[in-house]
Amino acid sequence: IGEIRRFIRDDNPVKVSRPLKELAYRVHKTQEKLQGSLGREPTITEIAKELSLAPQEIVSALEAVQPQVSLYEQAFPGS
Amino acid sequence: MGTQIKNQIKFSMLSVDENVGFARTAAAAFAAQLDLTLTEIDEIKVAVSEAVSNSVIHGYGDCNDKQNYIELIMNLFQDKLEFTVIDYGRGIADIKEARQPSFSSDPERMGLGFVFMDSFMDELEVISELGQGTTVRMVKMLVPCVEH
Amino acid sequence: MGTQIKNQIKFSMLSVDENVGFARTAAAAFAAQLDLTLTEIDEIKVAVSEAVSNSVIHGYGDCNDKQNYIELIMNLFQDKLEFTVIDYGRGIADIKEARQPSFSSDPERMGLGFVFMDSFMDELEVISELGQGTTVRMVKMLVPCVEH
Ligand SMILES: Nc1ncnc2c1ncn2[C@@H]1O[C@H](COP(=O)(O)OP(=O)(O)O)[C@@H](O)[C@H]1O
Ligand SMILES: Nc1ncnc2c1ncn2[C@@H]1O[C@H](COP(=O)(O)OP(=O)(O)O)[C@@H](O)[C@H]1O
Ligand SMILES: [Mg+2]
Ligand SMILES: [Mg+2]
C-alpha cells in the first residue's frame with residue numbers, strides 16, 4: 001500500500017492530503033492576493049490555478065473548515 | 001441553445017440533518033465546474049442549503065419516519081445553473097405569506113430562508129400543495145466569459 | 001443492527017469528465033459525517049473516483065451520446081460505509097482479468113484502478129455483463145469508536 005500511496009503522490013499532486021485548515025487558509029490568502037493584482041474578485045479557477053489545485057479540492061477545503069455559524073451571524077456579521 | 005442541458009446531477013437523499021451539509025457541498029462542487037467567484041459559490045451554497053433544510057425541518061418536520069426522501073436536481077445550461085429541491089412532505093398553505101421576510105411558522109426561527117434564496121439567486125419559484133409536498137426551483141444566471 | 005441503513009444518498013449524473021471530480025467530492029462529503037482520518041477519506045475519494053472514471057472511460061467510452069448516466073449510491077450502516085457505482089455501458093468480458101494489477105484494455109493506461117479500489121476498501125465486488133453494464137460495490141468498515 002505504501003507503493004500505491006507513493007504512486008498517487010507522484011502521479012497527481014492534487015491528491016496529496018494536506019491539513020485542510022492550512023489549505024483553506026492558503027485559499028483565502030490567494031484570494032486576497034489575486035483580488036489586489038486583478039482589481040476584482042478572482043474566480044475559483046484562477047485561485048485553483050495559482051495554487052496548482054483542482055477547483056474541487058478548493059471546495060473540499062473550504063467545506064471542511066466551514067464554521068457552524070448561524071444564519072443570523074451570516075446575515076448580520078458583527079452584530 | 002440556452003435550454004440545452006450541459007450537465008445534470010440528480011440526487012435523492014434521506015431527510016436527515018447531516019444531509020443539509022451534504023447538499024451544500026454538492027451544490028458547491030457542482031458550481032465549481034464553472035468560473036465563479038468564491039462569493040458566488042457561497043451564495044449558491046446558502047440558497048441550496050436553506051431550501052434543503054426547509055424540507056427537513058418544515059416539509060417532513062415531525063414525521064420521524066427516517067424513510068423520507070428529498071430530491072435535489074442540479075442542471076447546468078449554457079447560460080445558467082438551476083437547482084431544484086423537492087420534498088413530499090406537508091406542503092405550504094400560503095406560499096406568498098411564507099416568502100415574506102421574517103415570516104416563520106415556528107416562533108423560534110428567523111423566517112429568512114426564502115429571503116436568502118431570493119436575494120442570492122436570480123430566479124426563485126415555489127410550488128407547493130398541502131399534504132403533497134413542495135418544489136423550490138432556483139436559478140443563477142451565468143455571466144458570459146467576455147465580461148471576466 | 002449492522003444492516004440497518006443510517007443514511008443514504010443516491011445520485012445519478014451524466015457520464016462526463018467533470019463528474020469524476022464531483023463524485024470524488026461527494027464521496028468525501030458523505031464520509032465527512034463520520035469521524036474518519038484524512039487518510040481514510042482520501043482512500044475513499046480515490047476508490048470512488050477510480051470506479052466512476054472507469055464508467056466514464058471504459059463503460060461509455062466511445063459512445064459520445066451525452067445522455068449516458070452513472071449512478072452512485074452511498075449507504076451508511078452502523079458498522080460500514082458502502083459505495084456502489086453503476087453504469088449501463090459496454091460491460092467487462094473477463095472480470096478476473098480486468099482486476100489483475102496492471103491489466104488495462106487500453107495500452108496507454110496504468111491498469112491500477114481496481115488495485116486501488118481493492119487495497120483502499122475492505123470489500124470490492126464487481127458485477128458485469130457484456131453490453132449491459134457494470135456494478136462496482138465497495139465497502140469501508142468502520143472502526144468502533146472505542147478504538148479511536
Ligand atoms: N419545504 C417546506 N415544507 C413546508 N413548509 C415550508 C417549506 N419551506 C418553507 N416552509 C414554510 O415557510 C416558512 C418560511 O420559511 P423560511 O423563510 O425558510 O423561514 P424559516 O425556515 O426560518 O421558518 C416556514 O416557517 C414554513 O412554514
Ligand atoms: N465500468 C467499466 N466498464 C467496462 N470496462 C471496464 C469498466 N471498469 C473497468 N473496465 C475494464 O477493466 C480494465 C481495468 O480497469 P482499471 O484497473 O481501472 O485500469 P485502467 O482504467 O487503467 O484501464 C479496464 O482497462 C477496462 O478494460
Ligand atoms: Mg428556512
Ligand atoms: Mg481505471
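Start by selecting strand β1 of chain B (residues 5-14), a mostly covered element in which seven of the 10 residues are buried, where buried means under 20% relative accessible area, exposed means over 50%, and partly exposed is in between, with a 1.4 Å probe and protein chains only. Strands here are DSSP runs of E with at least two residues, helices are runs of H or I with at least four residues, and both are numbered from the N terminus. The model is predicted, so local features need pLDDT of at least 70 and side-chain atom pairs count only at pLDDT 80 or more, while totals for chains, interfaces and linings use all residues. Residues are numbered from 1 along each chain as its sequence is written, chains are lettered from A and ligands numbered from 1 in the order in which they are written, and side-chain values use heavy atoms, with hydrogens and water left out.

Next, add strand β2 of chain B (residues 69-77) to the selection. β1(B) and β2(B) pair in the antiparallel sense over nine bridges, two strands being counted as paired if DSSP finds at least two bridges between them. To find the register, label Ile9(B), whose bridge partner in β2(B) is Met74(B).

Now show strand β1 of chain C (residues 5-14), which runs antiparallel to β1(B) and is joined to that strand by five bridges. Here the residue to label is Lys10(B), which has Ser12(C) as its bridge partner in β1(C).

From this strand pair, widen the view to the whole interface of chains B and C, in which 20 residues of chain B are in contact with 21 residues of chain C, contact meaning heavy atoms within 4.5 Å. The area buried between the two chains is about 1,600 Å², and carbon and sulfur atoms give 62% of it; buried area is the accessible area (1.4 Å probe) that two parts lose on being put together, summed over both. On the chain B side, colour Ile9(B), Lys10(B) and Phe22(B), which lose the most area to chain C and together make up 29% of what that side buries.

Which elements of chain B each supply at least two residues to the side that touches chain C? They are β1 (5-14), α1 (18-31) and β2 (69-77), and the largest share, nine residues, comes from β1(B). By class, this side has 11 nonpolar, six polar and three charged residues, where Ala, Val, Leu, Ile, Met, Phe, Trp, Tyr, Cys and Pro count as nonpolar, Asp, Glu, Lys and Arg as charged, and the others, Gly among them, as polar.

Before leaving the interface, look for charge pairs across the boundary of chains B and C: the rule finds zero salt bridges there, a salt bridge being a side-chain nitrogen of Lys or Arg within 4 Å of a carboxyl oxygen of Asp or Glu. Over all chains, by contrast, the count comes to 18 salt bridges.

For examples, return to the interior of chain B and select Glu43(B) and Lys140(B), which form a salt bridge with their closest N and O atoms 2.8 Å apart. Glu43(B) lies in helix α2 (residues 38-59) and Lys140(B) in strand β5 (residues 133-141), so the pair ties together parts that are 97 residues apart in sequence. Lys140(B) is buried, with a relative accessible area of 8%.

In the same strand, β5(B), select Arg137(B), which is partly exposed at 22% relative accessibility. One salt bridge runs from Arg137(B) to Glu82(B), with the closest N and O atoms 2.7 Å apart; Glu82(B) lies in strand β3 (residues 80-87), 55 residues from Arg137(B), and is buried, with a relative accessible area of 10%. Arg137(B) also forms a salt bridge with Glu123(B), the closest N and O atoms being 3.2 Å apart. Glu123(B) lies in strand β4 (residues 123-129), so this pair ties together parts that are 14 residues apart in sequence, and Glu123(B) is partly exposed at 34% relative accessibility.

Then select helix α4 of chain C (residues 113-120), where six of the eight residues are buried, so the helix is largely enclosed by the rest of the structure. The buried residues include Phe114(C), Phe116(C) and Phe120(C).

Finally, turn to chain A, whose secondary structure comes to five helices and zero strands. Of its 79 residues, 33% count as buried.
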